[in-house]
Amino acid sequence: RAVAMSVSHSSRLNKLVREQYMRLPQDGRVQVTYVWIDGSGEGVRCKSRTLDKEPKSIEDVPEWNFDGSSTAQAEGSNSDMFLVPVCMFRDPFCLDPNKLVLCEVLKYNRKPAETNLRHTCKKVMDLVKDSHPWFGMEQEYTLLGINGHPYGWPDNGFPGPQGPYYCGVGADKVYGRDIVESHYKACLYAGVKICGTNAEVMPSQWEFQVGPCEGIEMGDHLWMARFILHRVCEDFGVVATLDPKPMTGNWNGAGCHTNYSTEEMRREGGLK
C-alpha cells in the first residue's frame, strides 16, 4: 500500500484502454512532438502537431512557435518564441511513423534564447569537426515517488547502508528496474545512442550511458534520452531527478561523468 501511494494518480489509469486508441490508423498523417529546454535550463517541455506526411529528414519538419512567458523564457508582453527543429527521432510512445523532434529556441528577434546553449556549442563543434571529437556521457539519476521520497525507500526510515546496491540484483537491492528497462528499450527504438545502464550506489539511483557521439550529437542524444526518461517515468507515476544530491547525509550523489577523445587521441600512442 505504501508503494502504491507514492505514484501519481494518472499512472493508475487503465492503460489497456489507451492501447485501443493507439492501434487506430492515422490515414497517412503523422504526429510530431517538438521537445525543447525551458527557461530553467534543466526542464524539458513538449507539444505536438500533425503533418500531412512522414518527414524523412529534419528539413521536412517545419519551424513552430510557443508562448515563452509560460516557460520562463519571455515576458508576457512579447512572448512568441520560435522552435527550430535540429534532430529527429522515432517516437517510442506513439510509435511509427510518429516522431520526436529536438528543437533549439529562438527569441522573437531570431536571436538564441538565454538557455539555448546548443547554438554556441554547435559553432564550436563545427570549428573542430576535423578532429572528430567523441563524447560518452554517463547520466546518473534518482527515482522519486510523487511525494519526493526516493522510490521504494521505507516511508519513515532509510534502507540499509550502501554497499549491495551498485549493479545489484534482487528485490531487496534494486527498486524500479521496470522503469530502467523500459527507458532503455524506448531509447533504442527512438534511435538514441544509448549504450548501457546500471544500478548505482544509492538505492533507487540509476545510470544510463549515451555514446560514443560525435560533435553536437552528444547534446542532442543526451537531452532526448533525458526527455524519454521523464516521459517513461510519467507512465509509471514516478519522478526522475538529476539533482546532484537528492538525499543529504552519507548517500551517494549523482552527476554526468563525461568521457572525451579526439581522432588524434584515439590513434596508436595518441594519448601520450
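Domain bounds here come from an automatic or database domain assignment. On that basis the protein is divided into domain 1 (9–128) and domain 2 (130–266). Their C-alpha centres lie 22 Å apart. Contact means heavy atoms within 4.5 Å. By that rule, 26 residues of domain 1 are in contact with 26 residues of domain 2.

This is a predicted model, in which local features need pLDDT of at least 70, side-chain atom pairs count only at pLDDT 80 or more, and totals for chains, interfaces and linings use all residues. Residues are numbered from 1 along each chain as its sequence is written, and side-chain values use heavy atoms, with hydrogens and water left out.

**Two helices that cross**

Helices (H or I, at least four residues) and strands (E, at least two) are DSSP runs, numbered from the N terminus. Two packed helices are described by the angle between their axes and the distance between the axes. Axes are lines fitted to C-alpha atoms, for helices over the stretch in contact, and angles run from 0 to 180 degrees between N-to-C directions.

Take helix 4 (residues 177–190) and helix 5 (residues 217–236). Their axes come within 9 Å and cross at roughly 135°. That makes helix 4 oblique to helix 5. Angles under 35 degrees count as roughly parallel, over 145 as roughly antiparallel, 65 to 115 as roughly perpendicular, and the rest as oblique.

Which residues make the contact? Helix 4 supplies Asp178, Ile179, Ser182, His183, Ala186, Cys187 and Ala190. Helix 5 supplies Ala225, Ile228, Leu229, Val232, Cys233 and Phe236. These residues divide into 10 nonpolar, two polar and one charged. Here Ala, Val, Leu, Ile, Met, Phe, Trp, Tyr, Cys and Pro count as nonpolar, Asp, Glu, Lys and Arg as charged, and the others, Gly among them, as polar.

**Around Thr115**

Thr115 lies in the loop between strand 5 (99–106) and helix 3 (118–127). Not counting residues up to four places away in sequence, Thr115 touches Ile37, Asp38, Gly39, Gly41 and Gln73. Gln73 is 42 residues from Thr115 along the chain, yet their C-alpha atoms are separated by 8.2 Å. A polar contact of 3.2 Å joins the two side chains. The backbone oxygen of Asp38 lies 3.4 Å from a polar atom of the Thr115 side chain. A polar contact is a pair of N or O atoms within 3.5 Å; within protein, one must be able to donate a hydrogen and the other to accept it, and residues adjacent in sequence count only if both atoms are side-chain atoms.

**Backbone angles**

Most residues other than glycine have a negative phi, and most peptide bonds are trans. Some exceptions follow.

| Feature | Angle | Place |
|---|---|---|
| Cis peptide bond, Asp96 and Pro97 | omega about 5° | Pro97: loop between strand 4 (80–90) and strand 5 |
| Cis peptide bond, Gly211 and Pro212 | omega about -5° | Pro212: strand 8 (residues 205–214) |
| Positive phi, Asp27 | phi near 55° | Asp27: loop between helix 2 (15–22) and strand 1 (30–37) |
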